[in-house]
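Biologist: I'm new to this one and would like a close look at a single part. Could you pick one helix and walk me through what surrounds it?

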Amino acid sequence: MKSILLLTFILLFSGCTYTNNLLTTDVKSDKTVKKQSTLQSVRNREYNQPYANTEKVYQNLNGAIIAIADQLFNSNMSQSKTTSVILTSFADLNQLNKTTTFGRLLSESMFNELHIRKFNVTDFRGQDAISVNADGEFHITRDVSKLKDHVPSIEYILVGTYVKFENESVLINSRILDSQSGAIISTARVIYKPVDCSLFDICSRKKVKQEVVVSEPVGIDIITDNCSNVKCPTQQCKEGVCDNTVSY
């Protein structure tokens with residue numbers, strides 16, 4: 001009787017252990033599958049493609065601008081909340097306090113691209129009033145004396161740089177920073193190669209081989225009056241030619 005009870009207990013214990021092992025294995029398997037699925041979905045995220053495809057070069061500026069905005073939006077670490085951001089001009093990488101029409105154009109285009117992607121964009125260039133003159137009516141300005149001293153409730157700042165790149169292209173980098181800590185919230189990078197590189201002065205300046213011009217030495221011509229063998233101080237040479245055989 002004791003043997004039967006002991007055998008029954010062993011069988012029940014073995015069965016429970018086997019079942020627990022199966023459940024544990026299933027849980028681990030589910031976690032592994034879920035983790036792999038999550039990693040794969042992250043790898044397949046659209047915003048990762050521009051980073052993986054380094055051969056992508058934009059020849060259309062509008063396409064490059066849209067790509068920058070897409071990357072900034074998709075790599076944004078704060079998508080769960082409204083992001084208040086102000087925009088600055090894209091600067092020359094070699095002179096961070098200078099920009100051009102190209103840099104201002106990139107920044108101005110970001111107002112629309114970020115706004116339609118649900119960023120809370122603020123333009124701090126607004127005046128306290130509207131200026132009216134013979135040319136029209138204006139509100140935004142770069143006159144510091146007309147700007148507001150403080151812009152409230154701003155969390156982030158968009159900055160960008162551009163620099164001449166290989167094969168007569170431009171490398172454009174952009175990022176959104178925390179206005180207090182400087183922490184990077186999102187980033188973007190595109191390569192833009194216009195069909196006409198002279199449009200934004202991004203053509204490589206080719207060295208022109210200068211030809212060496214050998215100039216003739218400056219001198220004076222030597223001529224004769226045919227009087228080299230005789231003295232003719234009193235001769236009246238006709239038309240500048242003296243006849244040595246004739247006495248005058």
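Modeller: Here is a walk along one helix and its partners.

This is a predicted model, where local features need pLDDT of at least 70 and side-chain atom pairs count only at pLDDT 80 or more, while totals for chains, interfaces and linings use all residues. Residues are numbered from 1 along each chain as its sequence is written, and side-chain values use heavy atoms, leaving out hydrogens and water.

First, the setting. The protein chain has four helices and eight strands; helices (H or I, at least four residues) and strands (E, at least two) are DSSP runs, numbered from the N terminus. Along the sequence they come in the pattern α-α-α-β-β-α-β-β-β-β-β-β. The chain has 248 residues, and 26% of them count as buried. Here buried means under 20% relative accessible area, exposed over 50%, and partly exposed in between, with a 1.4 Å probe and protein chains only.

Now to α4, which runs over residues 101-115. Its 15 residues reach 22 Å from the first C-alpha to the last, close to the 21 Å expected at 1.5 Å a residue; that expected span is 1.5 Å times one less than the number of residues. An α-helix has 3.6 residues a turn, so residues three or four places apart point the same way. The buried residues of α4 are Phe102, Gly103, Leu106, Ser107, Met110, Phe111, Glu113 and Leu114. They pack against α3 (61-74), β1 (84-87), β3 (120-122), β6 (156-165), β7 (169-178) and β8 (184-192).

Start with Phe102. The structure holds three aromatic pairs; rings of Phe, Tyr and Trp (its six-membered ring) pair if their centres lie within 6.5 Å, and planes under 30 degrees apart count as stacked, over 60 as edge-to-face and the rest as tilted. Phe102 and Tyr162 form an edge-to-face pair, 5.2 Å centre to centre with 90° between the planes. This pair links distant parts of the chain, with Phe102 in α4 and Tyr162 in β6, 60 residues apart. Both of these residues are buried. Phe102 also pairs with Tyr192: the centres are 6.1 Å apart and the planes are at 15°, so this pair is stacked. Tyr192 lies in β8, so the pair ties together parts that are 90 residues apart in sequence. Tyr192 is buried, as is Phe102. Ring pairs thus link Phe102, Tyr162 and Tyr192 into a cluster.

Next come the charges. The count is four salt bridges, a salt bridge being a side-chain nitrogen of Lys or Arg within 4 Å of a carboxyl oxygen of Asp or Glu. Glu108 meets Arg125 in one of them, at 3.2 Å from N to O. Glu108 lies in α4 and Arg125 in the loop between β3 and β4 (126-133), so the pair ties together parts that are 17 residues apart in sequence. Glu108 is partly exposed at 39% relative accessibility, whereas Arg125 is buried at 12%. Arg125 also forms a salt bridge with Asp123, with the closest N and O atoms 2.9 Å apart. Asp123 is partly exposed, with a relative accessible area of 31%.

Last is Glu113, also in α4. Its relative accessible area is 9%, so Glu113 counts as buried. Not counting residues up to four places away in sequence, Glu113 touches Ile65, Ile66 and Ala69, where contact means heavy atoms within 4.5 Å. Glu113 forms a salt bridge with Arg117, the closest N and O atoms being 2.8 Å apart, and Arg117 is buried too. Asp70 joins Glu113 and Arg117 in a network of salt bridges.
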